[in-house]
Amino acid sequence: MRGTRVVQMDVEQLEQEARSALEQAKSLEQLEELRVRYLGRSSELKLALREVRDRETGMRLNALRQSLEVALGEKRSALEHGELQRKLLTENVDVTLPGEHFVEGHLHLITQIRREVEDIFLGLGYMIVDGREVETTHYNFDGLNMPLWHPTRLPSHSLFLNDDVLLRTETSPSQIRVMEAQAPPVYMISPGRVYRRDTTDATHSPVFHQVEGLAVDRGISLADLKGTLLHLMRALFGEKRELRFRTHFFPFTEPSIEPDVSCHMCDGAGCPVCKQSGWIEMGGAGIVDPNVLEFVGYDPEEVSGFAFGLGLERIALLRHRVPDIRLLWENDLRFSRQF
Ligand code: FA5
């Protein structure tokens, strides 16, 4: 009984003292000190709680602890609010001062050209397709009508992951995947990275980018191919460009052609860029071979199509007179910043 009375007196005194101290706290630091003093592990209250033996005293002490915690929380919010108000009033930002200068980056030249080509074809109503960089021989060769003896099927020409899987050697497998997935008409382009075991030189790299184009519909002819490529070349190299076709061979097109564009540097008069010929080679193209249409289940009697594949690096080198393809991938900012 005696013990209980002593604790009761202490409790009242302690409560008064703690409350008035909390009331007067001026800063969050002071408040933290008071928390440690009145509610910390070695505080009088915590020690008393540890010692307590009877239920009634325990309840009183716990009620005090709770009410002090509430008072402490309220005071903390009030001080924090006051602190915020003070900061808002004193720490003004002068918005007229010059800001920090950030160096702005920009897209790589090849990305810029890819997006430009995409925009041109979106304007013609084509869809853009993401192909796969890792392909099966089924799509990279069989679907493209490549005979078993074709040299690109050899590990000396292409990068194989196993007998049936390789890094695609061109963007043309995208055509097959799209045609398999949908009925005609098809109007698509598919830009992306391709891989070949080519020796690096000024115009060749083992990793480079192509853009594939495919249109399949009723009555598509070489004239449509020529009009479409001319539109692309004029958009990329200027309105004065002309196009000519040279015959060529690709297993997946018949007839196959290589399109040349009139030189944008000399307007066809002859200069070092076009090797004095007035014309520049741009890639491969042709009318889709009926075997390819049959492979994907299209009827070559009903529909026909054209396809083309162009090198994006080639467009970049020509347009900006970049003398060596390796400059594109050396990441020398003095070079990249020019575009
Ligand atoms: C092809 O890849 C055919 N698939 C193009 C095609 C598509 C024909 C659809 C018919 C129908 P070719 O191997 O010629 O074709 O490559 C096309 C372009 O890719 C070349 O004109 C060149 O610009 C670029 N190219 C080829 N090899 C390299 C290389 N190692 N480095 C950089 N660019 C290259």
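Which residue in S4 stands opposite Phe160? In this predicted model, the residue facing Phe160 is Leu166 of S4. That pair makes a handy way into the strands, so let us begin there.

## A three-stranded open sheet

Strand S4 covers residues 165-167 and pairs with S3 in the antiparallel sense over two bridges. Both strands belong to an open sheet of three strands, ordered S2-S4-S3, with antiparallel pairing. At its edges stand strand S2 (134-136) and strand S3 (160-162); each has a single partner strand, so one side of each is left without a neighbour in the sheet. If you look from one strand to its neighbour in this sheet, the average turn between them is 30°, direction ignored.

## Strand S5 and its partners

Now move along the chain to strand S5, which spans residues 186-195. Is S5 mostly covered or mostly uncovered? Strand S5 is mostly covered, with eight of its ten residues buried. Strand S1 (residues 127-128) pairs with S5 in the parallel sense, and there Met127 stands opposite Met188 of S5. Strand S6 (residues 207-217) runs antiparallel to S5, and His209 in S6 is the bridge partner of Arg193.

Here are three of the strand pairs with their bridges:

| Strand pair | Sense | Bridges |
|---|---|---|
| S3 and S4 | antiparallel | two bridges |
| S1 and S5 | parallel | two bridges |
| S5 and S6 | antiparallel | ten bridges |

## Where two helices cross

Next come the helices. How do the axes of H5 and H10 cross? Helix H5 (residues 109-123) and helix H10 (residues 312-320) have axes that come within 10 Å and cross at roughly 105°. Their crossing angle therefore makes H5 roughly perpendicular to H10. On the H5 side, the residues in contact are Leu109, Ile110, Ile113, Arg114, Glu116 and Val117. Their counterparts in H10 are Leu312, Glu313, Ile315, Ala316, Arg319 and His320. Sorted by class, this contact holds seven nonpolar residues, one polar residue and four charged residues.

## The chain as a whole

Finally, step back to the domains. The domain assignment divides the protein chain into domain 1 (2-90) and domain 2 (109-336). How far apart do the C-alpha centres of domain 1 and domain 2 lie? The distance between these two C-alpha centres is 78 Å.

Terms used: Residues numbered from 1 in each chain as written. Predicted model: local features only at pLDDT ≥ 70, side-chain atom pairs only at ≥ 80, totals over all residues. Heavy atoms only, no water. Axes fitted to C-alpha atoms, helices over the stretch in contact; angles between N-to-C directions. Helix = DSSP H or I, 4+ residues; strand = E, 2+ residues; numbered from the N terminus. Parallel < 35°, antiparallel > 145°, perpendicular 65-115°, else oblique. Contact = heavy atoms within 4.5 Å. Nonpolar A, V, L, I, M, F, W, Y, C, P; charged D, E, K, R; others polar. Domains from an automatic or database assignment. Pairing = 2+ DSSP bridges. Buried < 20%, exposed > 50% of the residue type's maximum accessible area, 1.4 Å probe, protein only.
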